[in-house]
Structure formats: C-alpha cells, structure tokens
Amino acid sequence: MSALSSPAGGPNPGLLPEAGSPPPPGAVATEPSPDQVKLCCARTYQRDAVALILGDSYHPGGLDLTRRLGRSLELRTGQRVLDVASGPGTTAFLLAAEFGVNVEGVDLGEEAVAKANARAAAEGLAEQVRFSVGDAERLPLEDSSVDAIVCECAFCTFPDKPTAAAEMARVLRPGGRLGITDVVLDPSRLHAELQTLAGWVACLADARPLDEYAELLAAAGLRVTMTESHDTALAKMIDQIDARLVAFRMAAAPALAGVDFDVARQRTALAAEAVRDGIAGYALLVAEKPA
Ligand SMILES: C[S@@+](CC[C@H](N)C(=O)[O-])C[C@H]1O[C@@H](n2cnc3c(N)ncnc32)[C@H](O)[C@@H]1O
C-alpha cells in the first residue's frame, strides 16, 4: 500500500506501516492534501506505538537540544512561552521546570492535548503549563501576546509554511524570540519512497533547506539571529528507532502488533542513508521579532 492509499486517520497512518500493506516498489511521490497531512500527522503522533518507538520527546536531540533551545532564547522566569505543535508536552514541561517560564502548548492532536493536560494536573503544574487543541496555521492566541515561541520538529510538517510563520510572528511580542529545531533537507535528492505521506509524517517529505526556513521567517517579518547544525542528533535518533524496531519485533510488543517491521526498517535505512549522504540533517534556528 502506498502511504497515500492509507486514508488519513485510518488504521495505517504511514509512520509504522502495517503488515500486508507494503508500498509499491519505487512509490511515486503524490501530493497529499493539506488536511490529509495534518490529520495523519496528529493521529500518528498520539499513537502508543509511536511513544514506544520515539520515547519521551518526539524530536532529534531530545531534552539536551530542548535545553540548548531554551538557553538560546534566553528564557527568563515568568515569561509566557508558546510551544507550537507541543505533542506529548515534553518540551513544555522541561522549559517550565528548568527556566521557570509559563508555557502554553498548541497541538492538533486532541488525545495528545488531553494527556499533556492530565500530566500537568497530576504534577500540580496546571497553572504553569497548559495545552490546547489548535492549528499552527491559525494559532488561538492574541497578537503580540507571548515572549517566546518554540517549535520542535514540526514546522517541516506544516503544509502552509508561510502562514504558520506569519502566525508565529503575529503572536510574538516585539523583541520576542522564536526558536525552531527541525529537519533540514535537500528535497531534490530525497528518495521517492520518502516523498510520500509516510515521509511527510516522518518529518522528511516537506522539510526544507536551512536557507529556505530563514527566508520563510524573514518574509514573516522575523530576523534570524542564529543557526546551528545538529545533524548527528538526527543520525542518532534514526539509529535508536531502528534498534527499537528490532527489539520490539523480537519481544512481539503488543502495542506494535500488525506493524510491518520490514517496511518500517526499509524506510529507516533510507532515512539513515539520507543523513549519511548529506541530504537530510537537523538544525536549530533562532529568530527575533524587531522591537
Ligand atoms: C514530530 S511531533 C513533535 C512534537 C513535539 N514538538 C516534540 O518535539 O516532542 C509533531 C507534532 O506536530 C503536531 N502537528 C502537526 N501539524 C500540526 C498543525 N498544523 N498544528 C498543530 N500541531 C501540528 C502533531 O500533532 C505532532 O504532535
């Protein structure tokens, strides 16, 4: 089954393909609709199987890179921070605990948002960390209302990047900073099998070169002040995903019942090759809204 023949939100959203549904050899890139991409992405990332494979945070570099991001933004106690596409909320909880900021996470995944809010309540942090359902391309916040914005491993998946960048610029206060960590890519050299909805959800198919991210932010009125390469973090994450696929297959983990491990590992191998060949990498960007 090609990634696109799996309906968004259906049983096989692409990242962990199901047995009996291999993609056709040399699957041709087909453009999914923006809504299909968003729904598929949100549903995929709230699956238990994904938590099992990715661990606590769903981006390369894990908590260390989130700390680096917080320091790069010079976050200070009491500031209001927005986490766009907050997923399980790990970034938000870390920034609240280690930088003393108040964080609002926005994500399209209803279950992910409910779980993250439940964690905030259980940890007595509901006043400091809260999450709501929303689209990065239509942020549910007032103009100039936050001191800083973070967005980890998600900008690459937004179908309308100029609108998402404009939304982040709109809600950021003058002088505020935006920090993005994301996949960077030479799209012209990406293997056809990764240019599918599965590749999109896995943060590869619509990732862009670093310069293009900077241009998108500049077009939204933000000034890029820093960029940093973290390619090894991406390579490490792919290795870790592959190791977990092997281990969970051997353990016959119930959460991964039905997953076609061979197809999943073929995709992982292609992604690893893309990093080795300099086609894909990971980067941190900081941008400022002029005061
Ligand atoms: C790779 S995960 C990253 C999650 C989190 N930022 C992290 O690093 O742990 C991508 C997240 O983006 C969310 N997402 C995708 N498209 C979105 C959109 N248009 N608006 C809000 N969230 C979106 C998904 O639901 C998913 O939680």
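## A walk across the sheet and into the ligand shell

Start in the middle of things: select D83 in β1 and look across to β4, where its bridge partner is V150. Before going further, bear in mind that this is a predicted model.

**Stop 1: β1 and its two neighbours**

Stay with D83 and V150 and widen the selection to both strands. β1 and β4 run parallel and are joined by three bridges. Now colour β4, residues 146-152, by burial: six of its seven residues are buried, leaving the strand mostly covered.

Turn to the other partner of β1. Strand β1 covers residues 80-84, and five bridges join it to β2, again with the two running parallel. For a landmark on this side, pick R80 and find N102 of β2 standing opposite.

**Stop 2: the whole sheet**

Show all the strands. In what order do the seven strands of the sheet come? Reading across, you get β3-β2-β1-β4-β5-β7-β6, an open sheet with mixed pairing. Check the edges next: β3 (129-133) and β6 (223-229) each have a single partner strand, so one side of each has no neighbour in the sheet. Look along the sheet and you should see the twist, which averages 20° from one strand to the next.

Step from β4 to β5 (residues 172-185): these two run parallel and share six bridges. A handy pair to label here is E152 with T181, which stands opposite in β5.

Then bring in helix α5, residues 110-122. Helix α5 lies across β2 and β3, and its direction makes an angle of about 165° with that of β3.

**Stop 3: N102**

Go back to N102 in strand β2. Is N102 buried or partly exposed? There are 19 C-beta neighbours inside 10 Å, so N102 counts as partly exposed; the cut-off for buried is 20. Show the contacts next: leaving out neighbours within four places in sequence, N102 touches R80, V81 and Q128. You can also draw a C-alpha to C-alpha distance from N102 to E127, which comes to 8.0 Å although the two are 25 residues apart in sequence.

**Stop 4: helix α4**

Select α4, residues 90-99. Seven of its ten residues are buried, so α4 is largely enclosed by the rest of the structure. To see which ones, highlight T90, T91, A92, F93, L95, A96 and F99. What covers them? The cover includes α3 (62-72) as well as β1, β2, β3 and β4. Just after the helix comes G100, with a positive phi near 70°.

**Stop 5: two positive phi values outside glycine**

A85 is worth a click. This residue lies in the loop between β1 and α4, and its phi is near 65°, positive in a residue other than glycine. With 28 other C-beta atoms within 10 Å, A85 is buried.

Compare S144, in the loop between β3 and β4. Here phi is about 50°, and S144 is not a glycine either. S144 has 14 C-beta neighbours inside 10 Å, so it counts as partly exposed.

**Stop 6: the ligand**

Now select the ligand and show what surrounds it. How many residues make up the surroundings? There are 27, and the closest are Y58, H59, A85, G87 and A136, so A85 from the last stop turns up again. Colour the shell by residue class and you get 14 nonpolar, eight polar and five charged.

As for where the shell comes from, α1 (34-45), α4 and β2 (102-107) each supply at least two residues. The biggest contribution is from α1, with four.

**Last stop: zoom out**

Pull back to the full protein chain, with its ten helices and seven strands. The radius of gyration is 18 Å, close to the 19 Å that the globule rule gives for 291 residues, so the chain is as compact as a globular protein of that length. If you want a box around the C-alpha trace, its principal axes span about 55 × 40 × 30 Å. Burial colouring over the whole chain marks 50% of the 291 residues as buried. Finally, try a contact map: among contacts between residues at least 6 apart in sequence, 77% join residues at least 24 apart.

Definitions and conventions. Residues are numbered from 1 along each chain as its sequence is written. This is a predicted model: local features need pLDDT of at least 70, side-chain atom pairs count only at pLDDT 80 or more; totals for chains, interfaces and linings use all residues. A residue is near a molecule or strand if its C-beta atom, placed from the backbone, lies within 6 Å of it. Ala, Val, Leu, Ile, Met, Phe, Trp, Tyr, Cys and Pro count as nonpolar, Asp, Glu, Lys and Arg as charged, and the others, Gly among them, as polar. The radius of gyration is taken over C-alpha atoms; the globule rule is 2.2 Å times the number of residues to the power 0.38. A residue is buried if 20 or more other C-beta atoms lie within 10 Å of its own, exposed if 12 or fewer, and partly exposed in between; C-beta atoms are placed from the backbone. Two residues are in contact if their C-beta atoms, placed from the backbone, lie within 7 Å. Two strands pair if DSSP finds at least two bridges between them. Axes are lines fitted to C-alpha atoms, for helices over the stretch in contact, and angles run from 0 to 180 degrees between N-to-C directions.
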